Number of protein chains: 2
Amino acid sequence: MSPFVAQWQLDPEVDFLNHGAFGACPTAVLAEQDAWRARLEREPVRFMLNELEPALDRARAAVAAFVGVEPRSLVFVGNATAGVNTVLASLPLRAGDEILVTDHGYNACNNAARYWGGRAGANVTVAEVPVPVREPNDVVRAVLAAVTERTRIAIVDHVTSPTGMVFPVAEIVAALRERGVLSLIDGAHAPGMLPLELDALGADYYAANLHKWCCTPKGCAILVARPERHATLRPLVISHGANTRRTDRPKLWLEFDWVGTIEPSAILSAPRALELLAGLLPGGFPALQAHNHELVCYARRLLLDAVGSEPLCPESMLGSLASVTLRDAAQAPGFEASPFCEPLYAELCARRFQALATFWPAAPRRVVRVTAQLYNERAQYQRFAAALAELA
Amino acid sequence: MSPFVAQWQLDPEVDFLNHGAFGACPTAVLAEQDAWRARLEREPVRFMLNELEPALDRARAAVAAFVGVEPRSLVFVGNATAGVNTVLASLPLRAGDEILVTDHGYNACNNAARYWGGRAGANVTVAEVPVPVREPNDVVRAVLAAVTERTRIAIVDHVTSPTGMVFPVAEIVAALRERGVLSLIDGAHAPGMLPLELDALGADYYAANLHKWCCTPKGCAILVARPERHATLRPLVISHGANTRRTDRPKLWLEFDWVGTIEPSAILSAPRALELLAGLLPGGFPALQAHNHELVCYARRLLLDAVGSEPLCPESMLGSLASVTLRDAAQAPGFEASPFCEPLYAELCARRFQALATFWPAAPRRVVRVTAQLYNERAQYQRFAAALAELA
């Protein structure tokens with residue numbers, strides 16, 4: 001058993017190979033959250049009115065340093081999907097505009113694009129990125145091939161959810177900018193999995209979860225915007241910040257830091273989560289990321305052997321999450337809000353494995369995805385590959 | 001000291017007279033929240049995919065019964081302001097439409113009306129409800145006097161925030177419906193403070209917090225809509241529910257129950273909070289509400305004497321929250337996102353009182369507001385009135 005299992009609260013009876021879905025929060029970080037909540041409940045008004053802003057600023061400073069961005073460009077949101085919706089709702093779209101997504105994109109965000117685009121009469125177009133991807137440039141070419149003179153914004157995953165590959169977002173962002181197209185990077189899985197330098201990346205907008213690979217409690221995510229986008233970026237929940245006369249803080253913070261009463265303890269625990277993860281291996285985050293990457297590459301090799309399928313991308317395009325497609329051309333089960341629709345998922349659960357088993361309409365194939373986090377070990381993937389060979 | 005102090009975690013050094021701002025959560029309810037969070041962290045995927053929906057449904061059933069509405073018409077949102085934004089964002093407004101608010105309305109919600117209305121070219125109009133209000137019908141008349149043929153929706157507080165009075169929402173909703181105007185009742189303070197029968201009330205939309213007078217953890221609020229409004233009501237965060245083919249649950253639930261990953265433990269603790277509050281006095285919630293009402297009426301009499309001001313409304317229009325205006329015509333300090341702008345607030349804090357002290361632009365007067373909850377006792381208001389007489 002991994003010596004790091006004791007840091008988390010995960011059920012020891014389950015081979016938990018889906019850190020990518022909702023993360024998992026270490027015990028020490030949950031204790032930090034408890035401390036914040038206790039402080040809040042001791043004097044809720046003093047906390048919310050006097051103590052929350054400085055506490056948010058400390059959390060923002062720590063997170064901003066971690067993802068390589070100026071704090072003034074970073075706000076907290078509930079989750080990455082909320083961040084993507086926020087950007088789309090704020091965008092002055094016009095009838096006939098196009099929002100570009102890829103066929104590796106996240107269903108929820110594609111829905112958001114159709115909804116907010118549809119309100120303005122804008123259309124959603126889909127860039128097809130055929131698999132297997134041989135090299136990162138395949139993705140750049142596929143995205144750019146779908147850009148038209150009507151393309152207003154492109155939503156591109158940093159790490160794709162169904163197919164588990166790291167897209168070359170630096171090249172994509174630069175090429176989009178050359179063409180006058182805004183970039184919205186959905187980094188739902190990226191912070192903690194990949195080193196980030198968001199100011200250098202220069203995406204117009206970057207939305208990301210911290211509850212996944214930074215292991216914060218649920219309810220902690222970020223939205224980053226280039227300075228020239230701040231003026232038009234508005235939260236989905238308009239509150240007191242909209243007409244404040246305060247000038248002591250950036251307007252972006254005044255609006256996003258108060259979206260009605262929320263429970264802020266997950267956000268405020270982010271610095272502790274970063275500190276904890278950085279301290280688990282002698283080499284800090286780089287060592288953690290290398291460990292998880294090597295482990296998931298190992299896992300993918302086992303799974304590809306087990307199901308007799310080809311890799312969707314080279315190992316150099318993996319982070320700590322990898323998908324394999326099953327060879328059968330399964331009947332599309334109809335996309336559901338949860339993977340319940342995929343009987344394979346239920347069968348894996350029954351055998352005490354937790355891994356993503358879903359249907360990827362673009363293939364169209366069933367997809368099985370596993371993740372690697374410090375609490376995992378090779379034997380878990382060996383057991384899983386054996387089960388998958390039997391079931392799939 | 002009130003025998004109920006031990007149920008809460010409030011700082012014993014502070015006279016906490018502002019339950020209305022953010023509520024306060026009893027220790028037993030926080031323990032329930034801990035249990036939900038522990039269950040989530042033991043197997044996050046199983047919890048989110050297999051256990052969350054039935055748990056939400058149990059919470060929804062308990063809350064729906066408490067507020068007197070069919071569960072199918074109730075969804076959870078983060079807070080009442082988010083609920084108001086949700087309704088406004090969903091509404092098919094047209095250029096020239098009018099959104100009616102009152103001058104007792106909540107600044108954040110007025111901002112939301114201006115923002116979402118402004119996107120559609122709709123205008124916000126303000127019904128003036130002059131104080132003192134002599135009888136509930138004064139409010140009905142004032143609201144109806146501001147309705148025009150362009151009025152599409154009226155946002156009316158059930159319990160007003162700056163002025164702390166209970167508006168006659170049943171009469172207002174009925175009169176608006178006769179005139180073809182939609183009603184959005186902002187019940188931020190209502191559940192737990194007032195008996196609610198929302199199906200009988202028949203408002204088109206009703207948004208309310210449970211973290212205030214139902215004493216849940218922060219992050220628990222509801223949005224209720226009449227059945228004929230369900231089809232057009234969409235969450236601010238569009239996610240998987242938008243294109244689900246599931247038919248086993250109402251579409252409203254499928255969209256609102258999954259708005260990306262949230263920490264649901266506050267919502268799931270609502271049944272425990274209701275059960276706890278119902279059990280604190282032999283007469284249950286009616287006894288609790290009567291106790292708090294009597295206590296706040298007592299407090300208001302003391303405060304009116306202390307500042308030499310007239311009541312804003314009869315005691316029959318109070319719940320468990322009451323405001324008094326100060327007699328000075330203070331310079332408008334400029335509305336801020338927090339009451340920091342009001343020096344009186346800081347002075348009260350320094351003397352270890354926690355009460356709302358703000359500026360009500362409609363008067364224009366400074367306003368001091370106190371609340372009464374079971375953990376309060378008469379001596380606290382006596383001390384507060386003495387301090388206020390000295391300071392104000």
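This is a guided tour of a predicted model with chains A and B, one selection at a time.

Residues are numbered from 1 along each chain as its sequence is written, and chains are lettered from A in the order in which they are written. In this predicted model, local features need pLDDT of at least 70, side-chain atom pairs count only at pLDDT 80 or more, and totals for chains, interfaces and linings use all residues, while side-chain values use heavy atoms, with hydrogens and water left out.

**Both chains**

Start with chain A and chain B together. Two copies of a chain are related by a rotation about an axis and a shift along it. Here a turn of 180 degrees with a shift of 0.0 Å along the axis lays chain A on chain B with an RMSD of 0.0 Å (a least-squares superposition on the C-alpha atoms of residues with pLDDT of at least 70 in both copies). This is the relation of a two-fold axis. To find the axis from chain A, select Leu236(A): its C-alpha is the nearest to the axis in that chain, at 3.2 Å.

**The interface of chain A and chain B**

Next, select the residues of each chain in contact with the other (heavy atoms within 4.5 Å). Chain A gives 70 residues and chain B gives 70 residues. Of the interface residues of chain A, 100% are also interface residues in chain B, so the copies meet through the same surface.

The buried area is about 6400 Å², with 56% from carbon and sulfur atoms (accessible area, 1.4 Å probe, that two parts lose on being put together, summed over both). Show Phe22(A), Glu41(A) and His240(A) as sticks: in chain A they lose the most area to chain B, together 11% of what that side buries.

Now look at the charged pairs. There are eight salt bridges across this interface (a side-chain nitrogen of Lys or Arg within 4 Å of a carboxyl oxygen of Asp or Glu). One to display is Glu41(B) with Lys218(A), where the closest N and O atoms are 3.1 Å apart.

Colour the helices of chain A. Among the elements that give two or more residues to the side touching chain B are helix 2 (27-42) and helix 3 (44-67) (helices are DSSP runs of H or I, at least four residues, and strands are runs of E, at least two, numbered from the N terminus).

**Two domains in chain A**

Hide chain B. Chain A divides into domain 1 (5-17 + 284-391) and domain 2 (30-274), with bounds from an automatic or database domain assignment. Their centres, taken over C-alpha atoms, are 26 Å apart.

Which residues should be selected at this boundary? Phe285(A), Met317(A) and Trp360(A) supply 31% of the area that domain 1 of chain A buries against domain 2 of chain A, more than any other three residues. In total, about 2100 Å² is buried between these domains, 65% of it from carbon and sulfur atoms. The count of salt bridges between domain 1 and domain 2 of chain A is zero.

**Backbone stops**

Most residues other than glycine have a negative phi, and most peptide bonds are trans. Select Val131(A) and Pro132(A): the peptide bond between them is cis, with omega near -5 degrees. Pro132(A) sits in the loop between strand 4 (123-127) and helix 6 (136-145) of chain A. In chain B, the bond from Val131(B) to Pro132(B) is cis, with omega near -5 degrees.

Finish at Arg352(A), which is not a glycine but has a positive phi of about 65 degrees. Arg352(A) lies in the loop between helix 13 (343-350) and strand 10 (353-354) of chain A.
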